[in-house]
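Colleague: I would be grateful for a close look at one part of this structure. Please keep to a single helix pairing and its surroundings.

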Amino acid sequence: MSRLVVISNRVPLPDKSGAAPAGGLAVALQAALEERGGIWMGWSGKSTSGRETSGIDIREQGKITYALVDLSRKDVEEYYAGFANRVLWPLCHYRLDLTDYARKDMAGYFRVNRLFAQQLAPLIKPDDVIWVHDYHLIPLAAELRQMGLKNRIGFFLHIPWPPADVLFTLPVHETIMRGLASYDLVGFQTRHDAENFAGCLKREGIGKELGQGLFEAYGHVFRADVFPISIETAAFAEAARTSRRHALVGRMRQSLAGRDLIIGVDRLDYSKGITNRIEAFERFIVNNPDSRGRVTFLQVTPKSRSEVPEYGDMQRMVAELAGRVNGALSTVDWTPIRYVNRSIGRSVLAGLYRMAQVGLVTPLRDGMNLVAKEYVAAQDPENPGVLILSRFAGAARELDGALLVNPYDTDAVSDAIARALSMPIEARRERWNQMMPHLLENDVSHWCESFLKALAGHGETKGDERPAETKGILQPNDSI
Ligand SMILES: O=P(O)(O)OC[C@H]1O[C@H](O[C@H]2O[C@H](CO)[C@@H](O)[C@H](O)[C@H]2O)[C@H](O)[C@@H](O)[C@@H]1O
Ligand SMILES: O=c1ccn([C@@H]2O[C@H](COP(=O)(O)OP(=O)(O)O)[C@@H](O)[C@H]2O)c(=O)[nH]1
């Protein structure tokens with residue numbers, strides 16, 4: 001079995017005991033790396049004090065080698081906070097109004113990708129299989145190919161892929177498309193994303209579809225397919241079942257004093273639709289006076305990407321809105337919204353999900369949304385809660401037992417809350433049974449195995465078959 005090399009922007013280092021950090025992706029990839037032996041490379045999350053990026057910091061843990069790079073402040077600013085999170089993130093979440101196409105950030109993005117490739121290349125053996133993750137690293141394969149690497153290289157995009165009209169507003173869209181076409185396999189969360197990608201290839205004659213998921217672009221044949229990411233379902237369900245051992249879970253139950261609980265859990269991100277959700281909850285309380293004093297909405301929202309200005313604005317907006325709604329609706333013995341601005345460990349979260357009659361997951365656009373899957377996995381099979389899910393989350397394609405809503409439609413979300421809270425137990429069980437077997441079968445290990453199997457079997461790189469003019473594929477300045 002070939003050695004696996006994973007590259008992602010963030011590297012989830014195991015703790016001192018060697019245990020994987022919480023999170024399905026880390027657990028699944030570490031299991032795959034442990035089985036085959038391998039490398040996980042990426043940004044350490046730290047920045048150097050000077051202008052230069054650090055050398056690579058190698059740490060061995062069992063059969064896994066972690067290879068970490070500290071980036072300079074300028075790199076973090078331009079590559080991560082700039083191009084990745086003020087260009088690609090809003091663009092892929094259909095938020096053209098929030099994109100900032102600064103040339104220095106574009107240059108920084110391609111520079112850091114080249115740097116990652118230069119640091120990685122000497123570690124690669126000829127039969128290694130390389131798996132690159134997410135929008136931060138789209139140009140990496142093209143860089144590695146330019147250095148002469150012939151390995152199989154796969155890419156998985158964790159976020160949505162936009163339609164051509166949205167993508168083509170990006171000045172370097174062609175370089176980005178060329179970057180993707182340099183992989184052997186490009187994986188998306190949903191069919192919709194894969195179709196958007198195919199549309200981008202076809203629209204300006206960049207590439208053509210050959211059938212059975214194969215495409216040809218820039219003289220390279222590659223495969224694009226759908227691999228919906230998931231969670232470690234059985235383990236998460238067990239964590240929820242045994243969550244009573246956490247004192248915090250017990251205290252939460254006590255503090256509810258018999259009230260119904262609605263839960264929302266999201267990074268503080270404009271794509272998650274948190275303000276729309278708070279407004280919908282307010283509408284629900286106003287439209288359903290009997291619910292006053294009887295329902296608590298817990299919104300868990302750790303801060304995220306605070307260095308990006310739009311995220312700072314968002315923090316203020318959500319805090320103000322939650323404060324206004326609480327001010328308007330609270331009574332001396334009831335606070336309708338509990339807004340928690342810090343991260344909660346996943347084993348406690350599992351218990352909170354299980355306690356909640358409603359999981360309110362209403363992103364305006366989301367690649368997958370693992371919280372939706374975790375909420376379902378955490379439920380008591382005898383008395384499950386109801387998932388209200390945005391039709392614009394990737395998870396909506398699979399979770400057909402949820403109440404699907406348009407998160408922009410405040411009245412519809414408010415009505416869905418009322419419907420969920422009054423849903424009879426038989427209907428709740430039926431909906432949950434529609435989803436849980438699917439999640440057990442299609443867990444994160446299945447996702448990982450399916451991707452690696454597809455990467456091993458398809459999209460063979462036939463040497464350097466591209467025409468000479470596309471060999472030096474990354475010429476960002478050409479297209480800026
Ligand atoms: O690393 P950060 O900038 O702090 O952001 C955290 C992660 O956010 C994004 O998550 C996405 O991946 C999830 C798993 O596939 C998916 O369920 C969700 O819909 C996406 O938003 C991002 O894609 C990751 O790279 C970040 O690490
Ligand atoms: O306080 C928190 C909030 C979130 N999460 C976890 O963060 C992940 C969020 O993933 P999702 O796909 O929903 O969204 P993303 O943040 O990746 O866009 C889920 O596993 C959550 O359980 C967590 O551990 N603690």
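At what angle do α13 and helix α15 (residues 425-441) pack, and how far apart are their axes?

Modeller: The model is a predicted one. In it, the axes of α13 and α15 lie 10 Å apart, and the two helices pack at an angle of about 110°. Because angles from 65 to 115 degrees count as roughly perpendicular, α13 is roughly perpendicular to α15. On the side of α13, the contact is made by K373, V376 and A377; α15 contributes W432, M435, M436 and L439. By class, the residues of this contact comprise six nonpolar and one charged, with no polar residue.

Helix α13 (370-377) also takes part in the surroundings of ligand 2, where α13 and α12 (346-355) each supply at least two residues of the shell. The largest share of that shell, three residues, comes from α13. There are 15 residues around ligand 2, and those that come nearest are R267, S343, I344, L370 and V371. The shell divides by class into nine nonpolar, three polar and three charged residues.

As to the wider setting, the chain is divided into domain 1 (4-230 + 444-479) and domain 2 (234-441). Their C-alpha centres are 32 Å apart. Each domain brings 18 residues to the contact between them. On the side of domain 1, helix α2 (residues 73-92) provides the largest share, three residues. That side consists of eight nonpolar, eight polar and two charged residues.

Definitions and conventions
Residues are numbered from 1 along each chain as its sequence is written. Chains are lettered from A and ligands numbered from 1 in the order in which they are written. This is a predicted model: local features need pLDDT of at least 70, side-chain atom pairs count only at pLDDT 80 or more; totals for chains, interfaces and linings use all residues. Domain bounds come from an automatic or database domain assignment. Two residues are in contact if their C-beta atoms, placed from the backbone, lie within 7 Å. Helices (H or I, at least four residues) and strands (E, at least two) are DSSP runs, numbered from the N terminus. Ala, Val, Leu, Ile, Met, Phe, Trp, Tyr, Cys and Pro count as nonpolar, Asp, Glu, Lys and Arg as charged, and the others, Gly among them, as polar. A residue is near a molecule or strand if its C-beta atom, placed from the backbone, lies within 6 Å of it. Axes are lines fitted to C-alpha atoms, for helices over the stretch in contact, and angles run from 0 to 180 degrees between N-to-C directions. Angles under 35 degrees count as roughly parallel, over 145 as roughly antiparallel, 65 to 115 as roughly perpendicular and the rest as oblique.
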